[in-house]
Amino acid sequence: MSSPVPPPIVLYHYPFSPYARRIVWYLRLRGISYLQCLQPPILPRPDISLLGLKYRRIPILSIGRDIYLDTRLILPKLESLVPGPPLSAPPGSPSLALQSLLSLWTTSSPGGLFAHAMNLLPGADLPLLRDPAFQRDRADFVGGGGARVSREESMGAIRDAVALLEGTVLADGREWVLGGEGGPSLGDIEAVWVVHWLTGLKGALDERVVSGEKFPRVYAWLGRFQRAVEEAKGRVEVRTVEGEEARGVISGAERVEGGCGGVDGEEPVVRKYGLREGDLVEVWPVDTGSAHVDVGRLVGLSAVEVVFETDKGFRVHAPRDGFRVKPVKRAEASL
Ligand SMILES: N[C@@H](CCC(=O)N[C@@H](CS)C(=O)NCC(=O)O)C(=O)O
């Protein structure tokens, strides 16, 4: 029997995005070839507009004819929709609990590890960070409000995170976060990406606080992880496409998800607004990039995801966690 033909995958990203790297590493480690549509680091992003999306964050990924927002949804979708051996811990296992908690720990925002990492970026060494156009663009991304966290506080938060990995997850001398010797798993990707990003940026970390001498297990693991993803690079084919081609590939692909399970009437937000399939809804992330609200026809809504169709006819999935859904007011909906 021949193996099933994998669906086409398009990754919209820019290579220095630490969130996008989570996906790049995952694809490499599973040996999944993909197309990439490279994006500018600041808006506008006309390639994303071609999909009918206002969402401003990177990465975005399509699998077959469906489009997925946010790495917290993209990773589990790749696990379940692309045939082949999984990278995730087995369902129902304590390892899966660890993997899920590591994901929450590293990706939740505001105030999470990523926000602290952003606070440590060495402006003097990264010209992009000093560009006024970049600074204006990122003011729109993070929004205002909240007390300013100092660099020292962020350094402390990252030191605590590295100490936790050193003293618990990696304390028994294991090679990989979920154990075993077969190489990194999704647990490693969830745990590694913020620390990997910072240790790769000269000047981000105060070496008197976080270093290979102080945290030898973490640094050895970072080195192993880096070698593993470098080695896995050769296992995948990556072709770069322009926005028009990417759009054509997505609209011409088969659907990998059958029905979307429809709109779950038990969901509190569905009851609150009396939402029904086909309703015009607004969907947007509540943590960062919140000013970019998408509008589309509701296709499905569950505890896990909201699915809507854009005016360009693309079906888009966003996670419920970290996103808000509400109906477009009736008067506006009939325009
Ligand atoms: N929760 C999102 C966060 C993504 C995110 O914050 N990405 C950054 C790049 S690393 C971004 O979009 N920055 C603003 C921009 O590029 O417009 C995810 O997991 O995908």
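Trainee: Where is the place of Pro59?
Mentor: Pro59 is found in the loop between H2 and strand E3 (60–63). Helices (H or I, at least four residues) and strands (E, at least two) are DSSP runs, numbered from the N terminus. The model is predicted, so local features need pLDDT of at least 70, side-chain atom pairs count only at pLDDT 80 or more, and totals for chains, interfaces and linings use all residues. Residues are numbered from 1 along each chain as its sequence is written, and side-chain values use heavy atoms, with hydrogens and water left out.

Trainee: Is the peptide bond from Ile58 to Pro59 cis or trans?
Mentor: The bond from Ile58 to Pro59 is cis, and its omega is near 10 degrees. The peptide bond from Leu43 to Pro44 is cis as well, with omega near 5 degrees. Pro44 belongs to the loop between strand E2 (34–38) and helix H2 (46–49).

Trainee: What about Asp70: is its phi positive or negative?
Mentor: Asp70 has a positive phi, about 80 degrees, although Asp70 is not a glycine. Asp70 lies in the loop between strand E4 (66–69) and H3.

Trainee: Turning to the ligand, which residues come nearest?
Mentor: There are 14 residues around the ligand (a heavy atom within 4 Å). Tyr14, Arg56, Ile58, Asp70 and Thr71 come nearest. Ile58 is thus met again, having appeared in the cis bond to Pro59.

Trainee: Which helices each supply at least two residues of that shell?
Mentor: They are helix H1 (18–30), helix H3 (71–81) and helix H7 (132–142). By class, the shell holds six nonpolar, two polar and six charged residues.

Trainee: How far is a polar side-chain atom of Thr71 from an oxygen atom of the ligand?
Mentor: The distance is 2.5 Å, which is a polar contact (N or O atoms within 3.5 Å). The side chain of Arg45 also has an N or O atom 2.9 Å from an oxygen atom of the ligand. For Arg72, a polar side-chain atom lies 3.4 Å from a nitrogen atom of the ligand.

Trainee: Where does the ligand sit?
Mentor: The ligand sits in the largest pocket, with more than half of its atoms within 2 Å of the grid points. A pocket is an open set of points on a 1 Å grid where a 1.4 Å probe fits, with protein on both sides within 12 Å along at least five of seven lines; lining residues have an atom within 4 Å of a point.

Trainee: How much space lies in the largest pocket, roughly?
Mentor: About 1,500 Å³ (the space filled by probe spheres). Its lining consists of 48 residues, and Phe114, Ala115, Met118, Phe141 and Val142 are nearest the centre. H1, H3, helix H5 (113–119), helix H6 (127–130) and H7 each give two or more residues to this lining.

Trainee: Which helix gives the most to that lining?
Mentor: H7 does, with six residues.

Trainee: And what of the second largest pocket: how many residues line it?
Mentor: The second largest pocket has 21 lining residues, of which Arg72, Pro76, Ser100, Ser103 and Glu190 lie nearest its centre. H3, helix H4 (94–107) and helix H9 (186–199) each give two or more residues to the lining. The space in the second largest pocket is about 410 Å³.

Definitions and conventions. A polar contact is a pair of N or O atoms within 3.5 Å; within protein, one must be able to donate a hydrogen and the other to accept it, and residues adjacent in sequence count only if both atoms are side-chain atoms. Ala, Val, Leu, Ile, Met, Phe, Trp, Tyr, Cys and Pro count as nonpolar, Asp, Glu, Lys and Arg as charged, and the others, Gly among them, as polar.
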